[in-house]
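This report describes a ligand shell and a sheet. The sequence and the structure come first.

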Amino acid sequence: MTYPEAIIRRISNRKYVSRPLREEEISELNKLIEQNNRAGGLRLRLVTECPEVFSGLKGYGMFSGVRNLILIAGPESDPDVEEKCGYYGEKVVLGATTMGFGTCWVGGTYDKERCQALLQSGEKLCCVVTVGPVADQPSAKEKVIRGVMQRKSKTPAELSMGLGAAPAWFMSGIAAVQRAPSARNLQPVRFLYSNGAVTAQLTEKHNFSNVDLGIAKYHFEVGAHGGAWTWGDGGTFTKAVEEKSCGAVIWRKTENGHEYLLAQHGAAHWSFPKGHMEKGEKEADTAKREILEETGLTVELDTRFRELVIYAPRRGVIKDVVFFLATPTGGEEHPQAEEILQLGWFSYADALPLITFASDVEVLKAAENYIQSNTKQP
Ligand SMILES: Cc1cc2nc3c(=O)[nH]c(=O)nc-3n(C[C@H](O)[C@H](O)[C@H](O)COP(=O)(O)O)c2cc1C
């Protein structure tokens with residue numbers, strides 16, 4: 001599931017299946033949280049097995065089965081801390097959605113003192129986000145709560161100005177903002193398009209309006225397919241340059257099962273072989289060419305398996321990466337000197353913790369499911 005898909009899927013979940021998170025789920029969530037803490041200079045933190053934060057006390061009855069939460073916190077000294085908490089917190093929320101978890105932003109109805117006690121000095125707690133497994137279908141009680149909490153979204157015309165003259169990516173940005181969570185569903189952010197420039201402005205101020213501003217800006221950015229914001233009420237958006245890469249999850253049979261080929265890329269992160277699409281190339285051609293260049297292997301692709309990852313490799317650039325599934329057919333395995341630090345074959349269990357980015361972990365999980373259920377082992 002990509003982040004644009006997660007925006008469509010996400011709703012506020014207030015009822016959780018009451019089981020502890022598994023070790024690999026905790027490690028994947030922590031990976032996602034750490035990535036965003038680094039990018040935003042924040043102190044988001046996963047707290048597991050803390051049902052007391054939502055139990056027993058007055059006003060928390062809307063939530064049930066909550067066992068885990070993410071403290072959405074950052075340095076008090078940062079003047080934009082609330083907005084950054086909204087922006088990066090929503091990145092974590094959507095990442096958790098791609099992993100299949102339910103989430104809910106919570107600003108008021110939780111035991112704030114208990115959570116504050118978990119922070120270090122100099123840290124400001126903006127909100128918490130509940131996170132955990134949820135049932136496929138909402139319960140009757142949940143449907144009633146959602147009916148009350150989820151007023152109809154504002155229309156594109158209410159959320160923006162200059163729509164008539166705006167390009168398609170602005171409209172897609174606004175469609176994603178329509179689905180952004182906001183405190184009391186107030187949706188207090190307007191997006192203005194004028195002479196090629198986009199600005200975001202708050203229409204009202206309340207305790208959580210800056211958090212809402214960060215969330216809405218992130219949704220706009222995902223809907224517009226990449227870009228960069230300046231912080232603050234009145235902040236401006238620059239649309240990203242779009243790039244595309246293709247590659248594959250390469251696997252082979254072993255005596256006991258099967259294993260995956262991972263590459264440690266120049267930036268020292270572990271992922272799958274992949275590279276830039278050249279003009280006139282088809283996705284499968286790029287994948288085969290890049291795999292040969294990076295690993296020395298020729299492969300047979302299974303293009304029925306096709307997973308898309310969208311990420312920002314650097315500020316101002318958005319990259320779509322398409323991963324197929326592949327099995328080696330020949331060649332001589334060796335890492336490409338300029339781009340790959342090393343190659344290695346790993347079992348599924350060993351590959352999972354090694355992969356650097358949570359979105360790539362999702363690709364490996366999808367590949368494992370696909371191989372288990374669809375493919376005859378070669
Ligand atoms: C900053 C913030 C604070 C929120 N606080 C609460 C809260 O205290 N209790 C609650 O039940 N929901 C809370 N919500 C969830 C909103 O009610 C919910 O996002 C909104 O109603 C839209 O519904 P949706 O998220 O299902 O699209 C909060 C959301 C945000 C963004």
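Two strands count as paired if DSSP finds at least two bridges between them. The model discussed here is predicted. In the pairing of β1 with strand β2, Val47 stands opposite Leu69 in β2. β1 and β2 run antiparallel to each other and are joined over three bridges.

These two strands belong to an open sheet of four strands, ordered β1-β2-β4-β3 and paired in the antiparallel sense. Because β1 (45–47) and β3 stand at the edges, each with a single partner strand, one side of each has no neighbour in the sheet. From one strand to the next, the twist averages 25°. Helix α2 packs on the sheet, where α2 touches β1, β2 and β4. The direction of α2 makes about 155° with that of β1.

The elements named in the sheet and its packing include the following.

| Element | Residues |
|---|---|
| strand β1 | 45–47 |
| strand β2 | 69–75 |
| strand β4 | 123–132 |
| helix α2 | 23–40 |

Which residues are closest to the ligand? They are Ser12, Trp105, Gly107, Gly108 and Pro181, from a shell of 21 residues that surround the ligand. Two elements, β3 (102–106) and α8 (209–223), give two or more residues to this shell. By type, the shell divides into twelve nonpolar, seven polar and two charged residues. Domain 1 (3–148) and domain 2 (153–239) each supply at least three residues to the shell around the ligand.

β3 thus appears in both parts of this report: β3 is an edge strand of the sheet, and β3 gives two or more residues to the ligand shell.

Methods
Residues are numbered from 1 along each chain as its sequence is written. This is a predicted model: local features need pLDDT of at least 70, side-chain atom pairs count only at pLDDT 80 or more; totals for chains, interfaces and linings use all residues. A residue is near a molecule or strand if its C-beta atom, placed from the backbone, lies within 6 Å of it. Ala, Val, Leu, Ile, Met, Phe, Trp, Tyr, Cys and Pro count as nonpolar, Asp, Glu, Lys and Arg as charged, and the others, Gly among them, as polar. Domain bounds come from an automatic or database domain assignment. Axes are lines fitted to C-alpha atoms, for helices over the stretch in contact, and angles run from 0 to 180 degrees between N-to-C directions. Two residues are in contact if their C-beta atoms, placed from the backbone, lie within 7 Å.
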